[in-house]
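Okay, thanks for coming, everyone. I'll put the structure up, and then we'll walk through it piece by piece.

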Amino acid sequence: MSSPLSRRDLLRLAGAAAPVPVLSSCAGAPAPQAAAPGTFTVYWNAGHDYQAYRKVIAEFEQANKVKVNLQKYQWPDLRTRLLADFASGTVPDLVEEPGGWVQEFAVSGNARSLQDYVDRDGKAMGFPADWQPVPSSATRTRARCTACSST
């Protein structure tokens, strides 16, 4: 991703668009290949393509001068695609996950820890008081925030 998105903007998009945990910046062991300039790639469950999310995405695109490439998959297909992407080193910027993948991908080195961003910006974003308690605690791996979800 070569657009000027801040880490705070990334966390805001993840929090605003996802009531379930997400993997953020999935760049893990292999370095990701560059996406098209100004493109932000999101993998999402096809059954969760809600109008409210589309509105948040449109606002995010306008505010950040970026195009969100929303790709929708059923859970098994999303997992297959994500595993292939990890192997190839071409990964999305943001992934919705059904629960349980965060820890697996964090331990394998394929999910980037968000702890540095939470440490730096968490208070300004109301973390953890204004965040869903279960996803916030369930997505911790080795006492570090790997993926987060906002209310």
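Let's start with Asp 49, which is partly exposed, at 31% relative accessibility. Keep in mind as I go that this is a predicted model. So, which side chain does Asp 49 meet in a salt bridge? Lys 72, with 2.9 Å from N to O. What I like here is that the pair links distant parts of the chain: Asp 49 sits in the loop between β2 and α2, Lys 72 is in strand β3, and the two are 23 residues apart. Lys 72 is also partly exposed, with a relative accessibility of 39%. And there's a third member, because Arg 54 joins Asp 49 and Lys 72 in a network of salt bridges. As general background, side chains of opposite charge can pair when their charged atoms come close.

How many salt bridges does the structure hold? Six. Let me show you two others. Asp 85 and Arg 81 meet through their side chains at 3.2 Å, N to O. Both of these are in helix α3, residues 75–88, four residues apart, and that's about one turn of the helix. Here's the general rule: an α-helix has 3.6 residues a turn, so residues three or four places apart point the same way. Asp 85 counts as buried, at 7% relative accessibility, while Arg 81 is partly exposed at 32%. Then there's Asp 121 with Arg 120, where the closest N and O atoms are 2.8 Å apart. Asp 121 is buried, at 5% relative accessibility, and Arg 120 is partly exposed, with a relative accessible area of 49%.

Now back to the part around Asp 49, and the elements on either side of that loop. Strand β2 covers residues 39–45 and strand β3 covers residues 67–73; they pair in the parallel sense, over seven bridges. Put helix α2, residues 51–64, together with β2 and β3, and you get a right-handed β-α-β unit.

Let's look at β2 itself. Is it enclosed or open? Seven of its seven residues are buried, so β2 is largely enclosed by the rest of the structure. In general, side chains in a regular strand alternate between the two faces of the sheet. You can follow that here: Thr 39, Thr 41, Tyr 43 and Asn 45 point one way from β2, Phe 40, Val 42 and Trp 44 point the other way, and all are buried.

If you want to trace the pairing, start with Thr 41, whose bridge partner in β3 is Asn 69. Then take Tyr 43, which stands opposite Gln 71 in β3. Tyr 43 also stands opposite Val 95 in β4. That brings in another strand: β4, residues 94–96, pairs with β2 in the parallel sense over two bridges.

On to the helix, α2. It has 14 residues and reaches 20 Å from its first C-alpha to its last, close to the 20 Å expected at 1.5 Å a residue. Which residues of α2 are buried? Tyr 53, Ile 57, Phe 60, Glu 61 and Asn 64. They cover an arc of only 100 degrees around the axis, which puts them on the same side of α2. Over on the other side, Gln 51, Lys 55, Gln 62 and Ala 63 are exposed. And just after α2, Lys 65 takes a positive phi of about 50 degrees.

Last topic: aromatics. There are seven aromatic pairs in the structure. In one of them, the ring centres of Trp 44 and Tyr 53 are 5.6 Å apart and the planes are at 85 degrees, so that pair is edge-to-face. Both residues are buried. Trp 44 lies in strand β2 and has a relative accessibility of 4%, and Tyr 53 is one of those buried residues in α2. Trp 44 also has its C-alpha 8.3 Å from the C-alpha of Gln 74, although the two are 30 residues apart along the chain. Elsewhere, ring pairs link Trp 75, Phe 86, Trp 101 and Phe 105 into a cluster.

If you look at one spot afterwards, try the β-α-β unit of β2, α2 and β3, with Asp 49 in the loop between β2 and α2. That's my tour, thanks.

How values were computed:
Residues are numbered from 1 along each chain as its sequence is written. This is a predicted model: local features need pLDDT of at least 70, side-chain atom pairs count only at pLDDT 80 or more; totals for chains, interfaces and linings use all residues. Side-chain values use heavy atoms; hydrogens and water are left out. Two strands pair if DSSP finds at least two bridges between them. A crossover is right-handed if, with the strands pointing away from the viewer, the path from the first strand over the helix to the second runs clockwise. A salt bridge is a side-chain nitrogen of Lys or Arg within 4 Å of a carboxyl oxygen of Asp or Glu. Buried means under 20% relative accessible area, exposed over 50%, partly exposed in between (1.4 Å probe, protein chains only). The expected span of a helix is 1.5 Å times one less than its number of residues. The arc is that of the directions from the helix axis to the C-beta atoms. Rings of Phe, Tyr and Trp (its six-membered ring) pair if their centres lie within 6.5 Å; planes under 30 degrees apart count as stacked, over 60 as edge-to-face and the rest as tilted.
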